[in-house]
Amino acid sequence: MKAAVVGASGAVGQEFLRVLEERNFPVDELLLFGSARSAGTKYKFRGKEIEVRLLQHNDDFKGVDVAFTSAGAGTSREFADTITRHGAIMIDNSSAFRMDPDVPLVVPECNAADALVRPRNIIANPNCTTIMMVVALQVLENISHIRRVHVSSYQAASGAGAAAMAELFEQSRQVLAGEKPTVEKFAYQLAFNVIPQIDVFTDNGYTKEEMKMYNETRKIMHTDCEVSATCVRVPSLRCHSEAIWAETEEPVSVEAFREAVRTGKGLQLEDDPANKVYPMPLFHENCDDVFVGRIRKDISNPNGLAFWLVSDQIKKGAALNAVQIAEYLISEGVIG
């Protein structure tokens with residue numbers, strides 16, 4: 001097995017290295033690629049140092065079975081043919097190909113088999129907020145078809161990268177010291193604030209991030225479910241949270257959904273509000289699963305359920321999901 005990580009120096013690229021090692025992914029040789037700025041940097045993997053190569057249009061991907069790419073949509077589009085030319089399967093973490101009809105968009109807990117049909121040898125990893133939501137929605141969909149979803153996300157600074165996390169630290173220090181906060185990564189100061197905008201606004205008043213949740217959910221779950229999202233940046237460091245309201249065709253009891261979460265793949269139930277037990281970002285950094293709590297009937301609609309999610313968006317929302325796709329392909333004899 002020969003694998004590659006493109007964008008190895010970024011937050012998700014570094015998470016790929018941790019996840020591949022943590023899960024003992026069956027790779028015999030790992031190649032790392034990056035921009036001119038990161039080329040030559042060395043990272044440890046399984047006790048050995050690997051030097052980052054400059055990503056170029058050459059034959060470096062010859063013999064590579066699977067390439068995990070997380071270097072931005074522009075880089076993914078530019079280098080897709082170079083990466084896949086010799087047969088490598090490209091599992092792409094950017095937004096470049098997610099809605100292309102000939103590229104499967106995969107969350108293994110929901111639609112793993114879609115990864116088996118990939119005309120361009122590209123598989124897209126969904127947006128982090130979509131991934132964590134559909135893992136939970138899928139077990140509800142298995143009970144009764146979901147007609148519509150309203151969701152508000154509470155997204156950590158790390159969703160904008162390592163520099164954004166550093167800025168939140170620095171802004172917090174500056175505010176507490178009575179200094180003027182430095183604002184570079186976000187439109188406004190994030191420390192002690194929330195920003196109801198992630199990505200740019202589209203003509204319908206929703207941001208691109210919010211429209212991703214609409215379009216990607218429908219593609220992943222093969223559903224006509226309507227999704228309305230409001231995505232908010234909050235001053236937590238890592239792990240996104242979501243408040244979800246879902247309407248199903250038939251009423252679903254709290255007990256039935258709790259049991260579905262308890263036994264569902266990639267989910268953990270944390271739902272004992274009487275004892276103040278519910279998921280929080282503070283406690284789920286570096287965790288694999290999506291944590292679900294605050295499950296309750298919607299008092300305004302007999303077919304509605306409301307619940308709360310927390311998941312590490314760099315791990316399950318990015319690197320882990322991509323590695324799980326590769327693991328599924330290995331189990332199906334596609335690679336390895």
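Is Thr130 buried or exposed, and what is its relative accessible area? In this predicted model, the relative accessible area of Thr130 is 0%. Buried residues are those under 20%, so Thr130 is buried.

Thr130 belongs to helix α4, which spans residues 128-141. Beyond its neighbours within four places in sequence, the contacts of Thr130 are with Lys212, Met213, Glu216, Thr217 and Ile220. With one of these residues, Glu216, Thr130 also shares a polar contact. This contact runs between the two side chains, at 3.3 Å. A further distance concerns Val107, which is 23 residues from Thr130 along the chain. The C-alpha atoms of Thr130 and Val107 lie 9.4 Å apart.

A second residue examined was Gln155, located in strand β8 (residues 146-155). The relative accessibility of Gln155 is 1%. This value also falls under the 20% cut-off, and Gln155 is therefore counted as buried.

The side chain of Gln155 takes part in polar contacts with two other side chains. That of Ser153 is reached at 2.6 Å, and that of Glu209 at 3.1 Å. Glu209 also appears among the residues in contact with Gln155 when neighbours within four places in sequence are left aside. The others in that set are Thr129, Ile198, Cys231, Val232, Arg233, Val234 and His240.

In summary, Thr130 in helix α4 has a side-chain polar contact with Glu216, while Gln155 in strand β8 has side-chain polar contacts with Ser153 and Glu209.

Conventions:
Residues are numbered from 1 along each chain as its sequence is written. This is a predicted model: local features need pLDDT of at least 70, side-chain atom pairs count only at pLDDT 80 or more; totals for chains, interfaces and linings use all residues. Side-chain values use heavy atoms; hydrogens and water are left out. Helices (H or I, at least four residues) and strands (E, at least two) are DSSP runs, numbered from the N terminus. Buried means under 20% relative accessible area, exposed over 50%, partly exposed in between (1.4 Å probe, protein chains only). Contact means heavy atoms within 4.5 Å. A polar contact is a pair of N or O atoms within 3.5 Å; within protein, one must be able to donate a hydrogen and the other to accept it, and residues adjacent in sequence count only if both atoms are side-chain atoms.
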